[in-house]
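This briefing introduces one protein chain to a reader who is beginning to study structures. Please keep the sequence and the structure in view while reading.

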Amino acid sequence: MANVSAAQFKELGDTVAILSGNLDQMFLVIMGCFIFFMQTGFAFLEAGSVRAKNTTNILIKNFLDVFIGAVAYWLVGYAFAFGAESNGFIGHKYFALADLPADKYSHWFFHFVFAATAATIVSGAMAERTEFKAYLLYSVILTGFVYPTVTHWAWDENGWLYAGLEYTIDNKTMTVTYQDFAGSGVVHVVGGAVALVGAAVVGPRIGKFVNGVPVLISGHTVPKAALGGFILFFGFLAFNGGSQAAISNAGDADTVALAIVNTVLGGAAGALTAMIIKRLGFAEKYWSLLFTINGGLTGMVALCAGCNAVHPYAAFAIGIIAGMAYVAWSTVILRVRIDDPLDAVAVHLGGGIWGVLSVPIFNKESGIFYARDEHSFRLFGWNLLGVIVIMAWSFTLAFILFITLRVAKQLRVSEEIELKGLDIPKHGEPAYPLASYGHGWGSGSPSAQRKRSFPFNRNPSTQLNHDPVQNGHSLHNLAPVQNGHPLHNLAPVQNGQPQVNHVAIQGDQSLLNLATVQNGQPQLNNSPVQNGHINPSLDVDTAF
């Protein structure tokens with residue numbers, strides 16, 4: 001093999017360094033894109049958990065979490081969080097990304113999607129009764145100032161929580177630092193604390209508490225909520241795994257893989273625990289899908305802090321306790337008459353607090369569960385201090401903001417709008433417009449004017465009104481109609497006997513039998529469908 005000159009060796013080293021840097025940036029961008037997709041999960045989960053009349057309102061808030069968050073984090077948020085010039089409290093460089101090195105753009109993007117997540121937590125807890133202008137204001141303040149400041153404390157090298165404290169024991173200098181790998185405290189406690197204050201100050205939805213007793217207000221579509229849960233579970237793998245922020249160094253891939261494995265196990269334990277508690281009758285004795293979803297999310301939230309630093313069995317234990325914490329927080333929130341339609345406070349604040357405290361307990365290198373020494377307890381104390389300060393910061397700023405909006409009467413919509421729904425008066429776009437429903441075979445359609453109109457042959461002067469849906473419910477109104485007016489409702493009756501049998505069931509199959517009945521015997525079967533097949537004897541002029 002030919003000798004490699006010093007210049008060639010240097011060039012090779014430079015190339016490897018460039019490739020490593022590019023690989024790390026690509027890793028951040030790809031993981032950031034997966035985390036960005038979590039906004040879709042939040043959108044589905046929140047849309048499914050609110051009533052149909054408020055669907056458009058909650059969806060536009062999920063879109064604006066991204067758009068407002070991007071602008072706020074670009075202008076000031078990133079500078080406050082990671083400014084090159086900073087002190088222990090806050091950064092103050094890179095406003096509007098001015099002078100930001102090119103290799104930091106991936107870092108900005110990754111942390112922007114974290115900021116958007118914090119804002120989304122709040123919108124769910126205050127859903128169905130909050131003024132839209134109030135949402136716009138708190139979204140800007142949260143993503144532009146409240147969250148970035150906490151980020152600086154915990155994740156910037158100059159932040160006071162990150163720097164920690166030094167102490168000497170047995171002539172050896174030890175450092176106590178804040179442990180929160182992916183944001184149980186930084187993201188979820190901040191979002192959950194602001195959500196708690198917001199939900200408390202804005203007050204419960206009309207009808208949520210009757211004589212102090214909570215009343216279930218169901219969301220309008222469980223499948224959408226379930227789809228949102230699945231997407232969030234997927235996104236959490238990148239949320240936690242991507243927080244390694246690099247993939248080219250020795251051990252990076254191992255850490256990413258451990259974080260993802262622990263996230264899965266923590267989520268599984270939280271989901272199963274919450275489901276079992278519900279089934280045992282702690283609340284209502286059901287195998288609850290929504291309870292299971294929220295338990296899984298709480299488990300993953302709790303693993304954000306220590307997914308890189310605990311053994312898989314410890315992650316499962318953390319998830320079990322997280323599931324219990326979710327049930328406890330959800331119950332307490334209702335007991336104090338705070339209305340949180342998404343259970344966002346229980347999931348994010350409850351799960352986040354436990355997650356921050358769990359790391360110094362189960363850390364495989366320095367945790368109390370293993371070391372049982374003074375240093376491990378000091379680490380626990382520092383994390384406890386950190387989560388208390390984060391809550392105090394978030395509670396204080398949120399209270400000032402929401403109380404100001406409430407005093408100015410800009411926080412909550414009017415009673416009339418709340419009862420009728422926010423979609424039409426606030427956005428002019430109902431999520432499920434009545435005009436878009438129906439099969440088109442009503443009396444006003446061109447086909448209905450034909451002598452032989454599908455699917456039934458009948459006298460054109462007497463037609464059936466098949467429009468079955470209003471406000472998402474079937475009316476089952478089969479009244480005959482003439483000149484656009486119902487003649488009477490359901491079958492005509494003579495001598496106490498119905499003259500028209502509208503639906504006959506035979507062998508578990510609907511024959512849609514509109515046969516007239518005389519002396520108890522059908523005289524004519526006009527149904528085009530029998531046993532799942534079109535009756536070829538009918539002469540219809542319109543195809544399916």
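Which residues does Ala-245 touch, not counting residues up to four places away in sequence? They are Asp-24, Phe-27 and Leu-28. The model is a predicted one, and the points below are grouped by topic.

**The chain as a whole**

- The protein chain holds 15 helices and 17 strands.
- Of its 544 residues, 49% count as buried.
- The accessible surface of the chain comes to about 26000 Å², and carbon and sulfur atoms account for 63% of that surface.
- When contacts between residues at least 6 apart in sequence are considered, 69% of them join residues at least 24 apart.

**Residues distant in sequence**

- Ala-245 is placed in the loop between α8 (222–241) and α9 (252–279).
- Ala-245 counts as partly exposed because its relative accessibility is 32%, a value that lies between the limits of 20% for buried and 50% for exposed.
- Ala-245 and Gln-25 are 220 residues apart along the chain, yet their C-alpha atoms are separated by 8.3 Å.
- Thr-40 offers another example: 188 residues of sequence lie between its position and that of Gly-228, while the C-alpha to C-alpha distance is 7.0 Å.
- Thr-40 belongs to helix α2 (residues 38–49), and with a relative accessible area of 26% Thr-40 is partly exposed.

**Helix α10**

- Does the rest of the structure enclose helix α10 or leave it open? Of the 15 residues of α10, 13 are buried, so this helix is largely enclosed by the rest of the structure.
- Helix α10 covers residues 289–303, and at 1.5 Å a residue its 15 residues should span 21 Å.
- The end C-alpha atoms of α10 are 22 Å apart, which agrees with that expected span.
- At the start of α10, Ser-288 places a side-chain oxygen within 3.1 Å of the backbone nitrogen of Phe-291.

**A nonpolar patch on the surface**

- Leu-23, Met-26, Ile-30, Phe-34, Phe-37 and Phe-234 make a nonpolar surface patch of about 530 Å².
- Helix α1 (residues 6–36) gives the most to this patch, with 4 residues.
- Phe-37, one of the patch residues, is found in the loop between α1 and α2.
- Phe-37 has a relative accessibility of 38% and therefore counts as partly exposed.

**A buried asparagine**

- Asn-363 is located in the loop between α12 (344–362) and α13 (374–407).
- Is Asn-363 buried or exposed? Asn-363 is buried, because its relative accessible area is 7% and buried means under 20%.
- Not counting residues up to four places away in sequence, Asn-363 touches Gln-179, Ala-309, Val-310 and Tyr-370.
- With Gln-179, Asn-363 also has a polar contact of 2.8 Å between the two side chains.

**Salt bridges**

- How many salt bridges does a search of the whole structure find? The search finds 9.
- Lys-10 and Asp-14 form a salt bridge in which the closest N and O atoms are 3.2 Å apart.
- Both Lys-10 and Asp-14 lie in helix α1, 4 residues apart, about one turn of the helix.
- An α-helix has 3.6 residues a turn, so residues three or four places apart point the same way.
- Lys-10 counts as exposed at 54% relative accessibility, whereas Asp-14 counts as partly exposed at 37%.
- Arg-378 and Glu-374 form another salt bridge, with the closest N and O atoms 2.9 Å apart.
- This pair, Arg-378 and Glu-374, lies in helix α13, with 4 residues, about one turn of the helix, from one to the other.
- Arg-378 is partly exposed, with a relative accessible area of 36%, and Glu-374 counts as partly exposed at 40%.
- Glu-418 and Arg-412 have side chains that meet in a salt bridge of 2.8 Å, N to O.
- Glu-418 is buried, with a relative accessible area of 3%, while Arg-412 counts as partly exposed at 25%.
- Arg-51, Glu-128, Arg-205 and Asp-339 are joined into one network by salt bridges that share partners.

Methods. Residues are numbered from 1 along each chain as its sequence is written. This is a predicted model: local features need pLDDT of at least 70, side-chain atom pairs count only at pLDDT 80 or more; totals for chains, interfaces and linings use all residues. Side-chain values use heavy atoms; hydrogens and water are left out. Helices (H or I, at least four residues) and strands (E, at least two) are DSSP runs, numbered from the N terminus. Buried means under 20% relative accessible area, exposed over 50%, partly exposed in between (1.4 Å probe, protein chains only). Contact means heavy atoms within 4.5 Å. Accessible areas come from the Shrake-Rupley method with a 1.4 Å probe; for residues, only the protein chains shown count as cover. The expected span of a helix is 1.5 Å times one less than its number of residues. A polar contact is a pair of N or O atoms within 3.5 Å; within protein, one must be able to donate a hydrogen and the other to accept it, and residues adjacent in sequence count only if both atoms are side-chain atoms. Patches are made of residues with over 30% relative accessible area and no salt bridge: like charges are joined within 9 Å, nonpolar side chains (Val, Leu, Ile, Met, Phe, Trp, Tyr) within 5 Å. A salt bridge is a side-chain nitrogen of Lys or Arg within 4 Å of a carboxyl oxygen of Asp or Glu.
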